[in-house]
Amino acid sequence: MSDFERRTPAVPGSATGRIGRRRLLRAGLGAGGAVAAARLLAGPARAAAPTAASAAGPTATTTPTVSPTDQAPPPPWPEWARYARVADGTFQGTADMQAGIDALRAQNVSVIELDTILSDWLTDADFTAHLALVKTYVDKAHAAGLKVVVYYPSLEVISPGGEKGPSFYKNGEGGAWVQRSLDGRPNVFYGSVVIWVGPGDESVWLSPNSPWRDYYLKRIKLLAGTGVDGIWPDLPLYFDGVLSWCDASTWGAAVFKADTGLDVPKAADDNDPAFRRYVEWRHRNLLQFQLDIAAAGRSVNPNLLTFSETVPLDHRYATLTGLDGGYLRRTDNATTQVWEVDVLANFDGMRHATATDWTCLISMLKYARAAGGTKPAWAFSYGWQADDASQVMAELLATGCNPYEVKTPYKNAGVDAAMRTRMFGFVQANQARIFDAASPADVGVYHSTASRDYVSPTAGSGSGTYFNANPPASVPDWWAGSFRSSCASMPWLGEFRGTVKALVYAHVPFDTITSPGLADADLGRFKVVLLPNLQAVADAEADLIRGYVQGGGTVLITGPAPTALDQFGTPRTEFALSDVLGLKKADPLPASRKTTFGTGTCWYVQSLPGLSYLTTTDQASADQLLAPVRQSAPPAVTLTGDRRIHLEARVLGGDIVVHLVNFTNFGDSPADYRTTPANCTLSYTLPADTAVTAVTVATPDGTDPAPKPVPYTATGTTVSVPLTVVQYSLVTVSTQ
C-alpha cells in the first residue's frame, strides 16, 4: 500500500482515489440561492466573520482595469495547447498509472486532465505526499508523449464526512476564510446539493480576498514543481448554489472599499448604485485572482500554462457568479479557459434539444472562442451516447474550440472509447485546418458584458443557458430545474441569442466580439457590427464604436434604450451614441431609421427583432437583422440547403476551409434523437485572379479522416460543391 493509500486520519472520511465532479446540478443553481435540499450550517456552529482589524492585513491587491493598450503582443502558444485533444485521467496508486496512460494514448488523447484528490481537505503532509505521486504520473505521461494538466479547485474545499465529523469549515481555517452573502451567511453546505459533493460531505467556498489566497497560491507553487504542463483551477467564482451575491465577507468588503470607495451593499437592489458597482467589481476581483494563480505557477515553472475552468459563457450565469470569461482575453498570455459548456440534461445530453437550443449551444461556443482571443479555447464536449456526443464535438471543432471529451454528468469517464478514438483521430489528422485557419468573417455580433449585467434585473433568477426550459416527460434532470429560466425571458440575452440564430439560419459567417478590453482592431476587421439591445456602455467603448462608424463601418443597434446607460447601469442624461444614432433621448423613438455618420452607416430598430426571431423564427424579424448584412457584407461563402446546417468559414493560406454541422435532426419541439443526412450545395465566390485547384472533404463520420477529393463546378468566379452532410463535413477549397 502506498503512502497515498495510507492517508492519515487527520482528514476523516477521505476515500482513496476520490474523484471530484465540477458540474452544477440544474435544480436551483444560478437561481439566487435558496435550494430546498441545502443544509446550511447555522446557529451556534456558525463561525464568526473576521474582524475589520484582521481583514486589514492580507488583503488582495486592488483589481485592475482591463486595458488592451498596455499588453505586449502575445507569444505563440505551444502546439500541444493549440492542438489539444483532452480527456480525464486519474490513478488509485502507482500500480494502475501506466495502464491508464496507455489507454488514453490509444484513444488519440494528447493532453490528460489529471483529477485526483485535490478537491479534498488535505493536511500539508497529505498534500506533499500526494504530489510525489503526481510527479510519478507526470513523468510516465511525458515518457508516453502526453502532456498533463492538473485539476485543482480554486475556491472550494470538500471535507469527506464533514457533516458529522471534522471539516475545513468547522475545524480548519475555512470558518474564517469563507465567502459570505450580503446578509452575512457563510457559503458552506452539505451533500445532495450538487453531484460532486456526496451525502455527508461538506463543501465550503472560500473568499479569494482572504488569507486563503496565499494558502492556495503556495500550494500552486508546490504543484508546479512536479513538472506538470498546466494547472486547471476549477470554477474561480462566487458560488451561488445555496447563497447569492458573495463575497460580502469582511475580507471582500475591505477590498471592495479600497477599490471603489463604497461599502458593500446590504441587499441585491438594482436601484442601488453600490450594488451595481458590486456586480462589476466581482468580475475584476476574480480576474485578478486568476492572474495571481498563473503568476504563482510560473514563478516556479516559466513554461507553465493555466486553464481556468469557466462555466459562465455568454449567458447571465456570469452576472450571478462574478466570473466573466471575457476579462481574460487581453490579459496574461499564459492564462486561458477551459469552458464547461453545459448540455440540456445531465443524463440525456443534447438528445432532446430543439433546433433553437442548438443555436444556443452554437452561441455559447462562439462566445468561448471569441473570449479566448489569440489563446486556445478548450471546452467540455459533453455527450450521453456516441452519436449525440460526436455531434456536440463537431460543433466545438467548427467553432475552433479544443475538445475535452467527457460523459455527462460525470467527469471521470468518456462517452465511448471507439467514438473518442475516431473523433480525436480526425482532429489529429486535420488539426491545422481546424485550429490554425483564420476567420474571414465580415460580420461581428457584439456581446456587451454591461448590458448583460444591467438590462435584465440583476437580482432576478436564472441563467438563460438554453431556450427550452420545459423538459420532455421522459427526460429527468433538465438544465432549467424548477426555475424555467429560458434565455427568451431575458431582454438582452434573448436579443443577442436571436441575432445569433438569425445569422446561423441564414448561413452567414460571423464572429462574436466580447466587450471587456475592446479595441479598435476588434471592430475594424468587420464591415458590419450588430449591437443587439446595446444599452449599457462606457464612454470609451462608445468612442470606439463611434470611430468605427465614422471611418466607414456599418452598425445595427436594436432595442428601446440605445446606449442609455453607463457601464455601471446608471441612466445617462443623453444616449452615449446620440450623434451616431441621429436621435435624442427626449425625442420620440422611431420604429426604425437609417442614418449616415461620417463615412459609415447606423441602422436602428426600436423593437427587439432578435428576441422575436428566437421565439417565433419569423422572416420579418430576420430581415430586420440581416438587411445591413445583405447590403454591406454579402458573404463570399454561401449554402443552399436546410437552414439547420451550421456553416463556419476559415482561411488557411490560399485555401478556404468550411465547416458544416448538420443539426436537421432537431426541430421546434424535442423529439427522439436521430441522425438525418442532409443534401446541400456550397458556393464560394473566388477572389480576383484566383483559380480552383481542388476541393476535398474530410469527415469523422466514416473510418478514414483524411481529406478526399469531391466533384465541383467552376462557373466564372463561383465554385459550387454538391455535398451530403451526415453529421460533420470539413470542406477545403484549394486555390492558386
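This tour proceeds through the model one selection at a time, stating what is found at each stop.

The model is predicted: local features need pLDDT of at least 70, side-chain atom pairs count only at pLDDT 80 or more, and totals for chains, interfaces and linings use all residues. Residues are numbered from 1 along each chain as its sequence is written, and side-chain values use heavy atoms, with hydrogens and water left out.

**The whole chain**

Begin with the entire protein chain, whose secondary structure comprises 21 helices and 26 strands. Helices (H or I, at least four residues) and strands (E, at least two) are DSSP runs, numbered from the N terminus. Of the 736 residues, 63% count as buried; buried means under 20% relative accessible area, exposed over 50%, and partly exposed in between (1.4 Å probe, protein chains only). Among contacts in the protein chain with a separation of 6 or more, 78% come from residues 24 or more positions apart, where contact means heavy atoms within 4.5 Å.

**Strands E1 and E2**

Select residues 86–89, which form strand E1. Val86 and Asp88 point one way, Ala87 and Gly89 point the other way, and all are buried. In a regular strand the side chains alternate between the two faces of the sheet. Next add residues 111–114, strand E2, which runs parallel to E1 and is joined to E1 by four bridges. Two strands are said to pair if DSSP finds at least two bridges between them. Ala87 stands opposite Ile112 in E2.

**The sheet E4-E6-E5**

Move to an open sheet of three strands in the order E4-E6-E5, with antiparallel pairing. Its edge strands are E4 (156–159) and E5 (188–190), each of which pairs on one side only. The twist averages 20° from one strand to the next; the underlying axes are lines fitted to C-alpha atoms, for helices over the stretch in contact, and angles run from 0 to 180 degrees between N-to-C directions. E4 and strand E6 (residues 202–205) run antiparallel and are joined by four bridges. Within E6, Val204 is the bridge partner of Val157.

**Strand E9 between E8 and E10**

Select residues 335–339, strand E9, in which five of five residues are buried. One side carries Thr335, Gln337 and Trp339, the other Thr336 and Val338, and both faces are covered. E9 pairs in the parallel sense with strand E8 (residues 305–310) over five bridges, and Thr336 of E9 is the bridge partner of Phe307. E9 also pairs in the parallel sense with strand E10 (residues 378–383), over two bridges. Trp339 stands opposite Ala379 in E10.

**Helices H12 and H13**

Select residues 386–398 (H12) and 417–429 (H13), whose axes come within 10 Å and cross at roughly 20°. This angle makes H12 roughly parallel to H13; angles under 35 degrees count as roughly parallel, over 145 as roughly antiparallel, 65 to 115 as roughly perpendicular and the rest as oblique. Show Ala386, Ala389, Ser390, Met393, Ala394 and Leu397 of H12, which meet Met419, Arg422, Met423, Phe424, Phe426 and Val427 of H13. By class, this contact has ten nonpolar, one polar and one charged residues. Here Ala, Val, Leu, Ile, Met, Phe, Trp, Tyr, Cys and Pro count as nonpolar, Asp, Glu, Lys and Arg as charged, and the others, Gly among them, as polar.

**Helices H11 and H16**

Next select H11 (residues 355–371) and H16, whose axes come within 9 Å and cross at roughly 100°. H11 and H16 are therefore roughly perpendicular to each other. On H11 the contact is made by Ala355, Thr356, Thr359, Cys360, Ile362, Ser363 and Met364, and on H16 by Phe496, Arg497, Val500, Lys501, Val504 and Tyr505. These residues divide into eight nonpolar, three polar and two charged.

**Phe510 and Asp442**

Proceed to Phe510, in the loop between H16 (491–505) and strand E13 (511–514). Phe510 counts as buried because its relative accessibility is 3%. Leaving aside neighbours within four places in sequence, the contacts of Phe510 include Val500, Leu503 and Val504, together with Val443 and Glu648. Phe510 and Val443 are 67 residues apart in sequence and 4.8 Å apart in space, C-alpha to C-alpha.

Finally, select Asp442, in the loop between helix H14 (431–435) and strand E12 (443–447). Asp442 is partly exposed, with a relative accessible area of 23%. Beyond neighbours within four places in sequence, Asp442 is in contact with Phe526, Lys527, Val528 and Ala633. Asp442 and Asp511 lie 69 residues apart in sequence and 8.3 Å apart in space, C-alpha to C-alpha.
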